[in-house]
Amino acid sequence: MVFVHGGLSQPELARFGVDAINRYARMPEYRGQIVSHILWDRALTLRPEEDVCPLLDEVLDALGAHTMVFGHTITASAGFAPGELAERCGGKLRMTDVGMSDAYDNIPKFNRAAHFFSSAQSPSSVPAAAVV
């Protein structure tokens, strides 16, 4: 399972692996390109699912992960109900930004309660990785 802020839709970047991406993101000569992509990329949330799923599979394979979890794109702006946690590509892509910030007046704040995704695997069997 890999966690990102905005997404990671570039297989060529994913092939570096999580540790190298985190290392390069801290280096001034690479930081702008890597961090900008990972922080602001919305391709996996806003493009049609038939385009997204093959791309997601390629990125996940490159990272050695089965699932990508990220925020940044409020789920309601991607076609889901306000406050709803969202999944795409059969649960391989999990969107967690439900718009809880007070900056989003148009999203009801009933979503301040805890939300959880369930997993068929026990937590100890799911490898965890994080990208900036």
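Biologist: How many salt bridges are there, and what makes a pair count as one?

Modeller: The count comes to four. A salt bridge here is a side-chain nitrogen of Lys or Arg within 4 Å of a carboxyl oxygen of Asp or Glu. In general, side chains of opposite charge can pair when their charged atoms come close. Keep in mind that this is a predicted model, where local features need pLDDT of at least 70, side-chain atom pairs count only at pLDDT 80 or more, and totals for chains, interfaces and linings use all residues. Residues are numbered from 1 along each chain as its sequence is written, while side-chain values use heavy atoms, with hydrogens and water left out.

Biologist: Why do Arg15 and Glu58 get called a salt bridge?

Modeller: Their N and O atoms are 2.9 Å apart, and the rule asks for within 4 Å, so the pair passes. This bridge links distant parts of the chain: Arg15 is in the loop between H1 and H2, Glu58 is in helix H5, and 43 residues separate them. The helices (H or I, at least four residues) and strands (E, at least two) are DSSP runs, numbered from the N terminus.

Biologist: Is Arg15 buried or exposed, and how do you know?

Modeller: Arg15 has 52% relative accessibility, so it counts as exposed. The cut-offs are under 20% relative accessible area for buried, over 50% for exposed, and partly exposed in between (1.4 Å probe, protein chains only). Its partner Glu58, at 37%, is therefore partly exposed.

Biologist: What about Glu49 and Arg88, what makes them a salt bridge?

Modeller: Their N to O distance is 3.9 Å, which is still within 4 Å, so they count too. Here Glu49 in helix H5 is joined to Arg88 in strand E3, 39 residues apart. Glu49 is partly exposed, because 34% falls in between the two cut-offs, whereas Arg88 is buried at 8%.

Biologist: Which residue does Arg94 pair with, and how do you know?

Modeller: With Glu87: the closest N and O atoms of the two are 3.8 Å apart. Arg94 is at 13%, so it counts as buried, and Glu87 is at 39%, so it is partly exposed.

Biologist: On to rings. How many aromatic pairs are there?

Modeller: Two. One of them is Phe16 with Tyr24: the ring centres are 5.4 Å apart and the planes are at 80°, so the pair is edge-to-face. The rule takes rings of Phe, Tyr and Trp (its six-membered ring) with centres within 6.5 Å, and calls planes under 30 degrees apart stacked, over 60 edge-to-face and the rest tilted.

Biologist: Then why is the pair of Tyr24 and Tyr30 called tilted?

Modeller: The planes of Tyr24 and Tyr30 are 55° apart, neither under 30 nor over 60, so "tilted" is what remains. The centres are 5.0 Å apart. Together, Phe16, Tyr24 and Tyr30 form one aromatic cluster. Each ring residue is partly exposed: Phe16 at 47%, Tyr24 at 23% and Tyr30 at 37%.

Biologist: How do you know that the length of helix H3 agrees with what it should span?

Modeller: The expected span is 1.5 Å times one less than the number of residues. H3 has 13 residues (28-40), so it should span 18 Å, and its end C-alpha atoms are indeed 18 Å apart. H3 does bend by about 25° at Ile34, where the bend is the angle between axes fitted to the seven residues ending there and the seven starting there.

Biologist: Which residues of H3 are buried, and what covers them?

Modeller: Ile34, Val35, His37 and Ile38 are buried. Their cover includes strand E1 (2-4), helix H1 (11-14) and helix H2 (18-25).

Biologist: What makes the phi of Cys89 worth a look?

Modeller: Most residues other than glycine have a negative phi. Cys89 has a positive phi of about 55° although it is not a glycine. Cys89 lies in the loop between strand E3 (86-88) and strand E4 (93-95), and at 8% it counts as buried.

Biologist: And why is Thr67 called buried?

Modeller: Its relative accessible area is 12%, which is under 20%, so the label fits. Thr67 sits in the loop between helix H5 (49-63) and strand E2 (68-70). Leaving aside neighbours within four places in sequence, Thr67 is in contact (heavy atoms within 4.5 Å) with residues including Met1, Leu60 and Arg94.
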